[in-house]
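Good morning, and thank you for the opportunity to speak. Please look at the structure on the screen while I go through a few of its parts.

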Amino acid sequence: MSATSFARAWAITRRDGVVLGFTDHDDVLEFDGISFRPEHGMSAMALVQGAGLSVDNTEAEGALTDDAITEIDVIAGRWDGAELQMWEVDWSAVDNRRLVFRGSLGEIVRSRGAFRAELRGLSEPLNHARGRVYHPRCSAALGDGKCGVDLTREGMFVRWPVAGCAEGRLFRFDAGGFEPRWFERGMLIVETGAAAGLSGKIKNDRAMPDDGREVELWSALAVVPVAGDVIRLVAGCDKSPRSCRFKFRNYLNFRGFPHLPGEDWLAAPQSGSRRVDNSGYERVNIWAQAPEDRHDP
């Protein structure tokens, strides 16, 4: 590859399947079915790649444009976690190229009509904690493979049109039929309108006296839904064995350890009397009992 015909090209694939191509060359490059365009003003800083299992990192920056990466899309989080590939290309013969980076977009910062995105290499997941947590509450996510609850079955979700929304965080629905707090710790997902695809974690779920429903998110959506937009609410789980057994009828798949003594029980003086720890289960210190009264667990 000649230094006089050297160019960089990036392909970014969003989670919804949208693919955009960029290049620092002054003309359009095409390969792998992607058109890499120069007018979007995207460029990359020096790429830092580590040997072995060390983490690769770099940054990309560019202008926010109406036909490429819009400010609304960045605010809404539609580019978060997008897959990115970067090549060094001979623009005079694009078959002469090599892949120099593959990873995903990390933190995106906006300022004065431009953006700056952190690029995370394939070794980034090595920074995440691994292993199972031993805790009285369930470690599975509701509906995942370990949990096994079918979130598409009746009662696990509902679709309602928005009656009103304040600050992108407080939603009002002219509907009911579910127990109070049924959707707390669940998900609110916008399905239609300008905010389609956005989602938030539900903080509070209240049944109103007029048979309506009020749902509050932990943090506001970047794009505020309007009246008439369809919202999907997914039931929430507090990770307790009681909810797993009675709300979801799924206790055989409970992934917590409800009989694990809590820290308050371990630290407190033991007299042999029955105690109830913070998981709601009764404990008996059999070793504080007289030998004739002991029974193996």
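Setting aside residues up to four places away in sequence, alanine 163 touches Arg172, Phe173, Asp174 and Ala227. I should say at once that this is a predicted model. Alanine 163 belongs to the loop between E10 and E11. Its partner Ala227 is 64 residues away along the chain, yet the C-alpha atoms of alanine 163 and alanine 227 are separated by 5.0 Å. Is alanine 163 buried or exposed? Neither word fits, because alanine 163 has a relative accessible area of 35% and is partly exposed.

Let me place this loop within the chain as a whole. The protein chain contains 3 helices and 18 strands. Of its 297 residues, 38% are buried. If we take the contacts in the chain with a separation of 6 or more, 53% of them are between residues 24 or more positions apart.

I turn now to strand E12. Which residues lie on its covered face, and which on its uncovered face? Phe171 and Phe173 are on the covered face, while Leu170 and Arg172 are on the uncovered one.

Strand E12 pairs with E11, residues 164-166, in the antiparallel sense over 3 bridges. Within this pairing, alanine 166 has leucine 170 of E12 as its bridge partner. The hairpin of E11 and E12 has 3 residues between the strands, and there glutamate 167 takes a positive phi near 60°. E12 also pairs with E15, again in the antiparallel sense, over 4 bridges. Here arginine 172 stands opposite glutamate 214 in E15.

The two phenylalanines of the covered face bring us to the interior. In soluble globular proteins, nonpolar side chains tend to be buried together. In this model, the largest nonpolar core has 30 residues, and those touching the most other members are Phe171, Phe173, Leu188, Ile231 and Leu233. Which strands each supply at least two residues of this core? They are strand E10 (157-161), strand E12 (170-173), strand E13 (187-190), strand E15 (213-217) and strand E16 (230-234). There is also a second, separate core of 18 residues, and among its members are Trp10, Met86, Phe101 and Phe115.

Phenylalanine 171 deserves a moment of its own. Apart from neighbours within four places in sequence, its contacts include Leu188, Val215, Leu217 and Ile231. Arg213 and Glu214 are also in contact with phenylalanine 171.

Next, the charged residues. Side chains of opposite charge can pair when their charged atoms come close. How many salt bridges does the structure hold? The number is 14. Several of them form a network that links Glu167, Arg169, Arg206, Glu214 and Glu216. You will recall glutamate 167 from the hairpin of E11 and E12, and glutamate 214 as the residue opposite arginine 172.

Within the network, arginine 169 forms a salt bridge with glutamate 216, and the closest N and O atoms are 2.3 Å apart. Arginine 169 sits in the loop between E11 and E12, whereas glutamate 216 is in strand E15, so this pair ties together parts that are 47 residues apart in sequence. Glutamate 216 is buried, because its relative accessible area is 12%. Arginine 169 has a relative accessible area of 27%, and is therefore partly exposed.

Glutamate 216 has a salt bridge with arginine 206 as well, with the closest N and O atoms 3.9 Å apart. Arginine 206 lies in strand E14 (residues 199-207) and glutamate 216 in strand E15, so the parts tied together here are 10 residues apart in sequence. Arginine 206, at 32% relative accessibility, counts as partly exposed.

Elsewhere, arginine 97 forms a salt bridge with aspartate 95, with the closest N and O atoms 3.8 Å apart. Aspartate 95 is exposed, with a relative accessible area of 71%, and arginine 97 counts as partly exposed at 25% relative accessibility.

My final topic is internal space. The structure holds 2 cavities of 30 Å³ or more, and in the largest there is about 90 Å³ of space. Which residues lie nearest the centre of the largest cavity? Of the 14 residues that line it, Cys138, Leu142, Cys147, Cys237 and Cys244 hold that position.

Thank you for your attention.

Definitions and conventions
Residues numbered from 1 in each chain as written. Predicted model: local features only at pLDDT ≥ 70, side-chain atom pairs only at ≥ 80, totals over all residues. Heavy atoms only, no water. Core = buried A, V, L, I, M, F, W, Y, C linked by side-chain atoms within 4.5 Å. Buried < 20%, exposed > 50% of the residue type's maximum accessible area, 1.4 Å probe, protein only. Contact = heavy atoms within 4.5 Å. Pairing = 2+ DSSP bridges. Salt bridge = Lys/Arg side-chain N within 4 Å of Asp/Glu carboxyl O. 1 Å grid on protein atoms, 1.4 Å probe; cavity = no way out; pocket = protein on both sides within 12 Å on 5 of 7 lines; lining within 4 Å. Points joined across faces, edges and corners; volume = space filled by probe spheres on them.
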